[in-house]
Amino acid sequence: AVARLRGRSIVLVGLMGAGKTHVGKRLAAFLDLPFVDTDQEIEEAARMTVAELFAAYGEPEFRALEARVVARLIDGPQHVIATGGGAFINEETRRILKERSVTIWLKADLDTLMERVSKRPTRPLLKTADPRATMKNLMDARYPIYRTADIHIHSRNAKRDTIAREIVQSLA
Ligand code: S3P
């Protein structure tokens, strides 16, 4: 689709609520590429939701599954791939993604993230006494890592179409 990609997949990384899935779907449509979401892939393979997986097997097992799913997808045909917020934090996953895909960090401010995750309160990591403080801690811990992505896009409150277009432009 876009020359700069040279057949590589586009991988969206960033925190929960940044809009990776919504923007990714729109981006895939613009670029005429198939879309895949790693959380959804995991849920289909395990026949359980992410929350059920966390509860039944714990986070480390989920992370191992996630790393395998990303590695498999990167070995396959070109896609737009939305990852779960923790995928890029895994060192080996990050190495593979940096080497073989174009990574895009979708960034949003704390209020936007909290507003969006509250619409779909399914994230096990945010089942804490103070989800906002938890999200803030995740920002502090993860931003230095997300920052190593190839392209940074601030999603603000813009519509998913606008953000997807901005990504297409950034690839030109
Ligand atoms: C996680 C993000 C979630 C999901 C899991 C853990 C994280 O995906 O993979 O709940 O560690 O940030 P989304 O970013 O799609 O919500």
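A polar contact is a pair of N or O atoms within 3.5 Å; within protein, one of the two must be able to donate a hydrogen and the other to accept it. The structure shown above is a predicted model, and one such contact offers a way into it. The side chain of threonine 83 reaches the backbone oxygen of leucine 12 at a distance of 2.7 Å. Threonine 83 is placed in the loop between strand E3 and helix H5, the latter formed by residues 91-100. Is threonine 83 buried or exposed? Its relative accessibility is 4%; because buried means under 20%, threonine 83 counts as buried.

The partner in this contact, leucine 12, leads to strand E1, which spans residues 9-13. This strand is mostly covered, with five of its five residues buried. In a regular strand the side chains alternate between the two faces of the sheet. In E1, Ser9, Val11 and Val13 point one way, while Ile10 and Leu12 point the other way. The residues on both sides of E1 are buried.

Which strands pair with E1? One is strand E3, made up of residues 80-82, which pairs with E1 in the parallel sense over three bridges. Within this pairing, leucine 12 stands opposite alanine 82 of E3. Another is strand E4, residues 101-107, which pairs with E1 in the parallel sense over five bridges. Here valine 13 stands opposite tryptophan 105 of E4.

Strand E4 may be considered next. Six of its seven residues are buried, and therefore E4 is largely enclosed by the rest of the structure. E4 also pairs with strand E5, in the parallel sense and over four bridges. Tryptophan 105 takes part here as well: its bridge partner in E5 is histidine 152. Strand E5 comprises residues 151-154, and its side chains alternate. Ile151 and Ile153 point to one face and are buried, whereas His152 and His154 point to the other face and are not buried.

Attention now turns to the ligand. The ligand sits in the largest pocket, and 14 residues surround it. The closest of these are Lys20, Asp39, Arg63, Arg123 and Arg142. Helix H4, residues 59-75, gives the most to the shell around the ligand, contributing three residues. Several polar contacts can be followed in detail. A polar side-chain atom of arginine 123 lies 2.8 Å from an oxygen atom of the ligand. In the case of glycine 85, a polar backbone atom is 2.9 Å from a ligand oxygen. For arginine 142, an N or O atom of the side chain is 2.7 Å from an oxygen atom of the ligand. Of the 390 Å² of accessible area that the ligand has on its own, the protein covers 97%.

Asp39, listed among the residues closest to the ligand, also appears in a contact at the start of helix H2, which runs over residues 38-46. There, a side-chain oxygen of aspartate 37 reaches to within 3.0 Å of the backbone nitrogen of aspartate 39. Just after H2, arginine 47 takes a positive phi of about 55°.

Methods:
Residues numbered from 1 in each chain as written. Predicted model: local features only at pLDDT ≥ 70, side-chain atom pairs only at ≥ 80, totals over all residues. Heavy atoms only, no water. Buried < 20%, exposed > 50% of the residue type's maximum accessible area, 1.4 Å probe, protein only. Helix = DSSP H or I, 4+ residues; strand = E, 2+ residues; numbered from the N terminus. Pairing = 2+ DSSP bridges. Near = heavy atom within 4 Å. Areas by Shrake-Rupley, 256 points an atom, 1.4 Å probe, with all protein chains shown as cover. 1 Å grid on protein atoms, 1.4 Å probe; cavity = no way out; pocket = protein on both sides within 12 Å on 5 of 7 lines; lining within 4 Å. Sits in = over half its atoms within 2 Å of the grid points.
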